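Student: I have a new model open and would like to learn how to read it. Could you walk me through it?

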Amino acid sequence: PLFTIASTTGPNPGATSTLLILMPSGNLGLGTTSPAATLSLTGTSTASVLMVSTSSPTVAAQTAFLVTSGGLVGIGTTSPGATLSLVGNLLLTGTGATSGSINSTGAATSTFTNGGLSVAGGGLASSQGLTITGGSILNTVAGTSTALTGALSSAGLSSSNGITISG
């Protein structure tokens, strides 16, 4: 190592615990004696590995980003409950895919513009009602597209189950 910061542990002054190490390769390690990347962070089983906080003279420190030792990532939260937990608003640009499901709790509103929403397989469901405005319904089997206002009966959609379609 080019540089090491360690602390003495136990009654034996020779026993040390490495806190920070800089290797000749340029790799910097915090909590590890063998950093595998430019910056390697290793936490204990109970500590967060990485935490980024923000503050100002009038606002107390708030956690902006957190990685737990279990690999959970939290944005806007200090206690992520899933692989990625986000508290706040989300803006996605580009394309993406999921092989699982996307669940929303609480009073959620989603707006899809310029390309819309494509749902395949399991379909689209809402226990709190669903409003669709504009566009058309594409029958992927027949390859035909039907305007929403004319698709109510052919698609089996009904306002009696909380679905509102206009446009």
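**Reading strands, sheets and surfaces**

Tutor: Gladly, and let us begin with a single residue: Ser40 sits in strand E4. Keep in mind that this model is predicted.

Student: Is Ser40 buried or exposed?

Tutor: The general idea is that a residue under 20% relative accessible area is called buried. Ser40 has 12% relative accessibility, so Ser40 counts as buried. Its side chain also makes a polar contact, reaching the backbone nitrogen of Ala36 at 2.9 Å.

Student: Which residue in the loop between E3 and E4 could I look at next?

Tutor: Try Thr32, which is found in that loop. Thr32 counts as buried too, because its relative accessibility is 13%, and buried means under 20%. The side chain of Thr32 reaches the backbone nitrogen of Ser34, at 3.2 Å.

Student: Now for the whole chain. How many helices and strands are there?

Tutor: The chain has one helix and 12 strands. Reading from the N terminus, the order of elements is β-β-β-β-β-β-β-β-β-β-β-α-β. Of the 167 residues in the chain, 12% are buried.

Student: How do strands come together in a sheet?

Tutor: In general, the strands of a sheet pair through backbone hydrogen bonds, and the pairing is either parallel or antiparallel. Here, one open sheet has four strands in the order E1-E2-E3-E4, with mixed pairing. Its edge strands are E1 (3-8) and E4 (39-41), each of which pairs on one side only. On average, neighbouring strands in this sheet are turned by 20° against each other, direction ignored.

Student: How many bridges join E1 and E2, and in which sense do they pair?

Tutor: E1 and E2 (residues 16-22) pair in the antiparallel sense over six bridges. To find the register, look for residues that face each other across the pair. Ala6 stands opposite Thr18 in E2, and Ile5 stands opposite Leu20 in E2.

Student: And what happens between E2 and E3?

Tutor: E2 pairs with E3 (residues 28-30) in the antiparallel sense over three bridges. Here Ile21 stands opposite Gly29 in E3. The hairpin of E2 and E3 has five residues between the strands, and in this hairpin Gly26 takes a positive phi near 100°.

Student: Where should I go to see another sheet?

Tutor: Go to the open sheet of four strands with the order E5-E6-E7-E8, whose pairing is mixed. Strands E5 (48-54) and E8 (84-86) stand at the edges with a single partner strand each, so one side of each has no neighbour in the sheet. Neighbouring strands here are turned by 10° against each other on average, direction ignored.

Student: What is the pairing along that order, starting from E5?

Tutor: E5 and E6 (residues 62-68) run antiparallel and are joined by six bridges. Val52 has Phe65 in E6 as its bridge partner. E6 then pairs with E7 in the antiparallel sense over three bridges, where Phe65 has Ile75 in E7 as its bridge partner. You can therefore trace a path across the sheet through Phe65, with Val52 on the E5 side and Ile75 on the E7 side.Student: Which glycine stands out in the hairpin of E6 and E7?

Tutor: That would be Gly71, which takes a positive phi near 90° in this hairpin, with four residues between the strands. Gly71 also helps to place Thr83: the two are 12 residues apart in sequence and 7.0 Å apart in space, C-alpha to C-alpha. Thr83 lies in the loop between E7 and E8, and counts as exposed because its relative accessibility is 62%.

Student: In which sense do E7 and E8 pair?

Tutor: E7 (residues 73-75) and E8 pair in the parallel sense, over three bridges. Ile75 stands opposite Leu86 in E8.

Student: Is Leu86 buried, exposed or partly exposed?

Tutor: Residues between the buried limit of 20% and the exposed limit of 50% are called partly exposed. Leu86, a residue of strand E8, has a relative accessible area of 37%, so Leu86 is partly exposed.

Student: Which residues form a nonpolar patch on the surface with Leu86?

Tutor: Ile75, Leu84, Leu90 and Leu92 form the patch with Leu86, and together they have about 500 Å² of accessible area. Two of its members, Ile75 and Leu86, are the residues that stand opposite each other across E7 and E8.

Definitions and conventions
Residues are numbered from 1 along each chain as its sequence is written. This is a predicted model: local features need pLDDT of at least 70, side-chain atom pairs count only at pLDDT 80 or more; totals for chains, interfaces and linings use all residues. Side-chain values use heavy atoms; hydrogens and water are left out. Two strands pair if DSSP finds at least two bridges between them. Axes are lines fitted to C-alpha atoms, for helices over the stretch in contact, and angles run from 0 to 180 degrees between N-to-C directions. Patches are made of residues with over 30% relative accessible area and no salt bridge: like charges are joined within 9 Å, nonpolar side chains (Val, Leu, Ile, Met, Phe, Trp, Tyr) within 5 Å. Accessible areas come from the Shrake-Rupley method with a 1.4 Å probe; for residues, only the protein chains shown count as cover. A salt bridge is a side-chain nitrogen of Lys or Arg within 4 Å of a carboxyl oxygen of Asp or Glu. Buried means under 20% relative accessible area, exposed over 50%, partly exposed in between (1.4 Å probe, protein chains only). A polar contact is a pair of N or O atoms within 3.5 Å; within protein, one must be able to donate a hydrogen and the other to accept it, and residues adjacent in sequence count only if both atoms are side-chain atoms.
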